[in-house]
Amino acid sequence: MAKTLVFLEHHDDAIQKGPLGVLAKAAQVGADVDGVVVGSGVKELAARAGAFGAQTVHVADDERVAAPLPQPRVDVLAKLVRDEEYDTVLFAQSILAADVAAGLAARLNAGLNWGLVDFDGETGRAPQLQDTVVVDVGWSTPVRLGIFRAGALDPSETGGSAEVRDVAVELEDFSTQAEMLEQAHAEQQGPSIEDADVIVAGGRGLGEPEKFALAEELAKALGGAVAATRAVVDAGWYPYSAQVGQTGKTVSPKLYVALGISGAIQHKVGMQGSNVIVAINKDPNAPIFEFSDLGVVGDLNQIAPKLAELVRARKG
């Protein structure tokens, strides 16, 4: 039986939905599964993980790991894997998790499979070739690392409880050289795009940064989050934390509304796992219409406010 460790990433005093889904999946397939929480003032978060299948939650609570920097977390996880002899370490996809997993793979000389959507305890399943096929993937190294695609696994409570253990934080000299000066996600308002069931995304077709108010208004009406393409993020219209795409975040909401987004392949790979995709664009030949469930050709400046109005009226 695999002895599995799940990296329990947290933000705003809560463990993220993604890692809890990974934890529940590992417990479901019969793994001996534990979790690890790294940060400052995070001990109270650990107990909740027991309800999702963790038998033990290791807590590295230290001011030196307060900032969400990857290398100190690699130090913590590497020591834990060696000391406790874990053979499997699993992550839910995020920018931080990707950095930690890559660093841990290098540190442990361990195989890393990316973009998993399922796991049976021994073999993973991952979409390939732009999601046209799903393949079984395995590992050839003693320690196996895996990152699950955002939204691939839903958290399901088992009702159990976890033993909480403190772990010492021992950092390499080179891991203390970086300092976090700013956190971009603090600029984003509303729910995280990784956790949102509804996402309204804006592209260059909005015309100017002020027009993101249209996306925000519609997202508020739908109870969702606002996302952006790389082009508008690079232009400074919206924070990087909201970027969806190959160099941003991968999301899988129930509803994805694209405002003024052409649908380049770099953006497609970040959102094609959405359950329903609605595109609004004035260009009838925009590539996004090729993979949308519903396409509306027209002026988003008129359509988006009217749609928000209709949603509010329906809710009322």
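Me: In this predicted model, a salt bridge is a side-chain nitrogen of Lys or Arg within 4 Å of a carboxyl oxygen of Asp or Glu. How many salt bridges does the rule find across the interface of domain 1 and domain 2?

Reply: The domain assignment places domain 1 at 3–176 and domain 2 at 193–315. On the domain 1 side that touches domain 2, three residues are charged, five are polar and two are nonpolar. Even so, the number of salt bridges found across this interface is zero.

Me: How many residue pairs are in polar contact across the interface of domain 1 and domain 2?

Reply: Ten residues of domain 1 contact eight residues of domain 2. Polar contacts between the two domains, with both residues at pLDDT 80 or more, come to one residue pair.

Me: What area is buried between domain 1 and domain 2?

Reply: The centres of the two domains, taken over C-alpha atoms, lie 30 Å apart. Carbon and sulfur atoms give 47% of the area buried between them. That buried area is about 920 Å².

Me: Which elements are among those that cover the buried residues of α5?

Reply: Helix α5 spans residues 212–222. Its buried residues are Phe212, Leu214, Ala215, Leu218, Ala219 and Ala221. The cover over them includes the strands β13 (198–202), β14 (225–228) and β15 (255–259), and the helices α6 (230–234) and α8 (300–315).

Me: Which residue with a positive phi follows α5?

Reply: Helix α5 ends at residue 222. The phi of the residue that follows is near 75 degrees. That residue is Gly223.

Methods. Residues numbered from 1 in each chain as written. Predicted model: local features only at pLDDT ≥ 70, side-chain atom pairs only at ≥ 80, totals over all residues. Heavy atoms only, no water. Domains from an automatic or database assignment. Contact = heavy atoms within 4.5 Å. Buried area = accessible area lost by both parts, 1.4 Å probe. Polar contact = N/O pair within 3.5 Å; in protein donor to acceptor, adjacent residues only side chain to side chain. Nonpolar A, V, L, I, M, F, W, Y, C, P; charged D, E, K, R; others polar. Buried < 20%, exposed > 50% of the residue type's maximum accessible area, 1.4 Å probe, protein only. Helix = DSSP H or I, 4+ residues; strand = E, 2+ residues; numbered from the N terminus.
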